[in-house]
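Colleague: Could we go through this model together? I should like to begin with the terms.

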Amino acid sequence: MSSIKLYTIFFQILIYIIFFSIFISSCNNNSKEEISCNEPPLSIKNNSYDNFKDIGLTPQKHPQGVGRDAVAYADFNQDGLIDIFTATLTYWPATTIEAATDSKFEFYIKNCSGEFEKKENYISSNDTCIHPRKALINDFNNDDIPDIFVVCHGYDENPFPGEKNKVLISNSLGSYNIIDASSDIGFFHSGSSYDYNKDGYKDVLLLDSNNSNKIIFFKNNGDGSFQNDGSSRSPTAIANKAYYTTELIDINNDSYLDLFIGGHEWESNSNTQIFINPGTDNFSNVMPDNISSVSNEGVVLDFTVTKKESSTYIWVLRTSGGDGTFYKSRTIQKVSWPSLTLSTPIMDRNLNWIPWIIPSVINGKNVITSDNQDSYFTLEY
């Protein structure tokens with residue numbers, strides 16, 4: 001066989017190999033896109049607690065330099081992946097009120113590779129607040145797109161002047177307006193969202209630490225703005241106490257959300273308490289169940305409830321307070337319901353405080369952990 005024929009055969013084989021490789025690569029790429037990016041949108045639940053802690057969340061790698069307190073997770077672009085909203089302080093540490101600049105609100109959308117991409121065009125303005133503390137996910141205008149209520153308390157030093165809360169309300173997919181939640185100004189440190197008056201619109205319950213009643217109910221006007229509905233539904237037992245943290249969770253499986261409240265336990269006998277919903281969403285005359293304190297770990301930051309088989313546990317996130325220190329530890333209290341027997345599986349002055357804990361499944365195990373990978377830990381239950 002001549003060298004020319006051998007060369008021709010070799011060249012033909014080479015061409016076949018190149019075309020076959022291109023075909024296989026194309027198939028693989030198409031397969032990846034379908035697996036990673038073609039999922040049904042994540043549904044929006046009826047309350048903000050479930051929209052944070054019942055969405056299958058695992059610890060996320062936050063984009064560098066963004067806030068960790070008022071952070072929210074939802075499927076903002078409706079592709080089946082969990083995205084992040086962040087509100088980041090720009091004035092800390094506090095020096096003067098005049099130097100307290102507005103925070104930054106940002107959306108980070110998860111791409112098909114599992115990385116977060118910042119989306120500048122999701123927000124139409126920069127009308128944010130100074131000090132965001134908590135972000136609540138719910139559908140506040142009934143368009144099936146997740147909205148965000150940002151709980152804001154303002155400059156975090158004397159004289160604690162307070163500020164207005166903000167709502168990021170959806171215009172359409174990937175488009176949000178920032179509006180004032182209401183005209184009310186307060187030191188709003190916590191809150192939770194659900195439809196307390198059963199009119200078909202998601203309302204909010206807020207904790208204003210400057211208000212003697214502490215809990216204020218805000219009625220949704222139907223467009224994502226809110227009207228102060230007063231404190232007539234608030235427990236009378238919490239008035240004039242040092243409370244800063246609240247959450248609504250159905251602890252006893254009766255389909256009514258129960259009220260959890262905590263704060264600075266060493267100030268004004270501010271016990272950590274649970275108020276069982278009587279079925280009317282009016283907690284004014286409900287007698288509380290008290291959760292025992294942890295000595296010198298008296299700042300209560302967050303609540304999570306887990307239910308597994310016949311066991312129900314309340315997990316109370318704490319940090320130091322009551323011994324002259326403040327926010328100088330990480331403590332997690334495990335409380336059995338309804339016996340209220342307890343243990344403290346984590347109490348460490350060498351760990352930084354964290355704002356949130358979540359229930360999650362990691363490596364097939366049910367665990368309590370952080371929403372933020374930078375604060376990763378696990379407590380199996």
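Modeller: Buried means under 20% relative accessible area, exposed means over 50%, and partly exposed lies in between (1.4 Å probe, protein chains only). This is a predicted model, in which local features need pLDDT of at least 70, side-chain atom pairs count only at pLDDT 80 or more, and totals for chains, interfaces and linings use all residues. Residues are numbered from 1 along each chain as its sequence is written, and side-chain values use heavy atoms, with hydrogens and water left out.

Colleague: Is aspartate 180 buried, partly exposed or exposed?

Modeller: Aspartate 180 is partly exposed, at 29% relative accessible area. Its side chain meets that of lysine 166 in a salt bridge, N to O 2.4 Å; the term requires a side-chain nitrogen of Lys or Arg within 4 Å of a carboxyl oxygen of Asp or Glu.

Colleague: And where do lysine 166 and aspartate 180 lie?

Modeller: Lysine 166 is in strand β7 (residues 166–172) and aspartate 180 in strand β8 (residues 175–180), so the salt bridge ties together parts 14 residues apart in sequence. Strands (E, at least two residues) and helices (H or I, at least four) are DSSP runs, numbered from the N terminus. Lysine 166 is buried, at 6% relative accessibility. Shared partners join Asp127, Lys164, Lys166 and Asp180 into one network of salt bridges.

Colleague: How many salt bridges are there in the whole structure?

Modeller: The search finds 15. One of them is between aspartate 374 and lysine 61, at 2.9 Å from N to O. Aspartate 374 sits in the loop between β22 (365–369) and β23 (379–380), and lysine 61 in the loop between α2 (50–53) and β1 (71–74), so this pair connects parts 313 residues apart in sequence. Aspartate 374 is exposed at 54%, while lysine 61 is partly exposed at 48%.

Colleague: Changing topic, how many disulfides does the structure hold?

Modeller: It holds 1 disulfide, a term for a pair of cysteine sulfur atoms within 2.5 Å. The disulfide joins cysteine 129 to cysteine 152, S to S 2.2 Å. Cysteine 129 is in the loop between β4 (116–118) and β5 (132–138), and cysteine 152 is in strand β6 (residues 147–152), 23 residues away.

Colleague: Are cysteine 129 and cysteine 152 buried or exposed?

Modeller: Both cysteine 129 and cysteine 152 are buried.

Colleague: And which hand does the disulfide have?

Modeller: The S-S torsion of cysteine 129 and cysteine 152 is about -70°, so the disulfide is left-handed.
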